[in-house]
Every structure is written in C-alpha cells, then in structure tokens.
Amino acid sequence: MLKTAAYAAVDARTPLAPFSIERREPGPNEVLIDILYCGVCHSDIHQARDEWGGSAFPMVPGHEIVGRVARLGANVKSFQLGDAVGVGCFVDSCRECPQCRAGEEQYCDQGMTGTYNSRERGTGAPTYGGYSTRITVDQDYVLRIPESIPLDRAAPLLCAGITTYSPLKHYGVKAGDEVAVVGLGGLGHMAVKIAVAMGARVTVLSTSESKREAALALGAHAFAATRDKATFKTLSRSFDFIIDSVSGDHDYNAYLGLLKFDGTMVLLGIPETPSTVAAGALIMQRRKLGGSLIGGIRETQEMLDFCAEHGVASDIELIDIAQINEAYERMIKGDVRYRFVIDIASLGQAA
C-alpha cells in the first residue's frame, strides 16, 4: 500500500483538513495516477456536509481528476507511463447490465461506484477522491486527455463538461438550432461553450443582469434577464432546446413556454423543493421535459476529443489546497467564474 497525502472531511461539520490515506499498487488491469489537478464540484460540498444524506466519513472529495500515469498493471495496454489521463465521477460499475454494456455506465442497474463516498466492488473498501496526490483506477474507467487541452482547464470537463455535452448530444442539438442555457455557473458556462461549438445559436437566461457581459464573452449570441417577467412573453416559443442547469427553486412551466413546437427542455439541477409541472405546458405544443446525469466512459472520451477539436476548455480559478474551505464558501455565494481547480502540487508541498 502507498501512503498518500490528502485533504478530507472527518465529519459533516468540520472544515476539510490534511489527512493521510492509502492507495494500492496497481493490479493487472489498473493504473496508478499521479494527480496534478482536481476540479471542485458543488456536489463536493453537498456530500462533505452530508446535505444529501448518506455521507460516509472520513471523506476525500473530488471527481474531476487530471494527472499522469505513474505505474501500470501487467495487462494494461491502453496507456503508457507519463500519459495525461483523467478520472471522472465514477471508477467502476457492474459491467453486465444493459446500460453498462451500452456504454452508459452512469445508469448502471446496480449503481455506479463513485470516485469518492462510495464502496469498491469486491473489497467494500471506501473510495477516496481527487483531493489527494494519487489514485489507482481500472484502465477501463480512465480517460485520455488530449494534448491540446491545458490540464488544469481539462479537469472540470470530467464532470461539468460531460454533464452538459451528454444531453446536447443525446437530444441531437445541431447547427442552426436555437438553444437556451438557464443559469451561468460551472455547468452553464460549459453548456454555452459546447452548444456554440456544435453550431447552435445560444441565448443565456439568468436572473442576474450582471452576467450579460460574461455570457456574451463566452460566445453566447444573446442574453435575457428572467427577473423581468416580460422576458417570458418576448421569448415565447423561441427555442428548440433548453438546458436548465439551475439547482435553486424555479418555475419549470415558465421556461417550458419558451419552447417551440416539439421542443425539449432538459434538467441538470435538482432543486430542494420538487416543482409542479402543468400537463398543458407539455401537451399543447408536444413539448418534452427530460433529465440527464453525466455520461459514460465512451461518451466522456468523445466529449474530450470534441473539446480538443473545437478549442473548448473550462474557465477556472486555480487554487492551493489550503484555500479549499474558503473556496467552498465562495461557491455557495456564487463567487467563482466558473470552476475552482486545485493545484495538487500544493498538497504535496503541504505534506
């Protein structure tokens, strides 16, 4: 076993602090990755503070992991020492259910094995995430990072990037489509970039007028402030597709009214209070309301290659590990554009 420096939450109330974990030497089909960067997802906060329930402590968060291959198992043929690689939201699945066989491991019938706050299949050992200096992962759940994407800006693609790419691809968004992105945070800013790269005409819908300039700088073609109720009348039946990245409570019916005939709205956020959807908002114009999680390994690699081809990467603020608790508080206030990424070299120095 390899002693590994990490940062962990020891319970739901205590700030994250230095911690030591053990990583195993790679088995025949595994790779040991020296972690260079780890993105900070809002779900890290939810789980570290047990806001969703079921958190297991001590917890080492982090599922937007980028690093380089340090050691290879005897049977590994997909990677070489020094390769730039990534690990996203899960590190295993049952591999046998229809979803796993179709490359949709995130919807595994038995539940995917989370990169952290989960249990390894077989051993039952807790999984620990990317707020650490290394990780051992089966080669089938490791992604290749294209050379043209800066490694620090690639990290959030492994969650925020695939979370937005997957529904855009699944629902067939194409060049010329009118797409609305609701919310301009970590997810929303990636939705704008990816939809624009797909050739769509993108409008950002936000409660904050102050985000207009930022939305346009990201490549959006238009912006509308939704605090102005006239917006919903002006933009009625304007969009082919709406990607809703907001986790705060809001009225889905108002946004459904912005869809054209046969339009689709997909939810990525999970508001605390369940929303009531009026049947008429769907029936009268044959609209569709769907949801989407992340993406499987196949689609995540496809997304990374797409981003490399189109020059897409996340906009980040690089931080030292010692700033993580401050970063959590800033995220809660929406004070980040658009994703914090931890420089894991700072953890090694701290250790």
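User: What is the relative accessible area of Arg95?

Analyst: This is a predicted model, in which local features need pLDDT of at least 70 and side-chain atom pairs count only at pLDDT 80 or more, while totals for chains, interfaces and linings use all residues. Residues are numbered from 1 along each chain as its sequence is written, and side-chain values use heavy atoms, with hydrogens and water left out. Buried means under 20% relative accessible area, exposed over 50%, and partly exposed in between, with a 1.4 Å probe and protein chains only. Arg95 counts as partly exposed because its relative accessible area is 35%.

User: With which residue does Arg95 form a salt bridge, and which network do shared partners make?

Analyst: A salt bridge puts a side-chain nitrogen of Lys or Arg within 4 Å of a carboxyl oxygen of Asp or Glu. Arg95 meets this with Asp92, their closest N and O atoms being 3.0 Å apart. Asp92 is buried because its relative accessible area is 15%. Through salt bridges that share partners, one network joins Asp92, Arg95, Asp138 and Asp140.

User: How many salt bridges does the whole structure hold?

Analyst: Side chains of opposite charge can pair when their charged atoms come close. One such pair is Asp335 with Arg330, with closest N and O atoms 2.9 Å apart; Asp335 counts as partly exposed because its relative accessibility is 39%. Over the whole structure, the search finds 21.

User: Which residue forms a salt bridge with Glu30?

Analyst: Glu30 counts as buried because its relative accessibility is 12%. The partner counts as partly exposed, at 28% relative accessibility. The closest N and O atoms of the pair are 2.6 Å apart, and the partner is Arg24.

User: Which side chain makes a polar contact with that of Gln139?

Analyst: Gln139 sits in the loop between strand 8 (134-138) and strand 9 (143-144); helices (H or I, at least four residues) and strands (E, at least two) are DSSP runs numbered from the N terminus. Leaving aside neighbours within four places in sequence, its contacts (heavy atoms within 4.5 Å) include Asn29, Glu30, Asn75 and Phe79. A polar contact is a pair of N or O atoms within 3.5 Å; within protein, one must be able to donate a hydrogen and the other to accept it, and residues adjacent in sequence count only if both atoms are side-chain atoms. At 3.4 Å, the side chain joined to that of Gln139 is that of Ser78.

User: Which residues have the most contacts inside the largest nonpolar core?

Analyst: A nonpolar core is a set of buried Ala, Val, Leu, Ile, Met, Phe, Trp, Tyr and Cys residues joined through side-chain atoms within 4.5 Å. The largest one has 94 residues. Those with the most contacts inside it are Tyr131 and Ile324.

User: How many residues are in the other core that lies apart from it?

Analyst: Ala224, Phe239, Tyr252 and Leu258 are among the members of this other core. Its number of residues is 16.

User: How many residues of helix 4 are buried?

Analyst: Helix 4 spans residues 160-170 and is mostly covered. Its buried residues include Gly161, Ile162, Tyr165 and Leu168, and what covers the buried ones includes helix 5 (186-197), strand 14 (259-267) and helix 10 (297-310). The count of buried residues is 9 of 11.

User: At what angle do helix 4 and helix 10 pack?

Analyst: Axes are lines fitted to C-alpha atoms, for helices over the stretch in contact, and angles run from 0 to 180 degrees between N-to-C directions. Angles under 35 degrees count as roughly parallel, over 145 as roughly antiparallel, 65 to 115 as roughly perpendicular and the rest as oblique, and these two helices are therefore roughly perpendicular to each other. The contact includes Tyr165 and Lys169 of helix 4, and Met303 and Phe306 of helix 10. The axes lie 10 Å apart, at an angle of about 95°.

User: Which residue is joined to Phe57 by a cis peptide bond?

Analyst: Phe57 is among the residues that Gln47 touches, not counting residues up to four places away in sequence. The residue asked for lies in the loop between helix 1 and strand 4 (65-72). Omega is about 0° for the bond from Phe57 to Pro58.

User: What phi does Asp50 have?

Analyst: Asp50 is placed in the loop between helix 1 and strand 4. It counts as partly exposed because its relative accessibility is 31%. Although Asp50 is not a glycine, its phi is positive, at about 55°.
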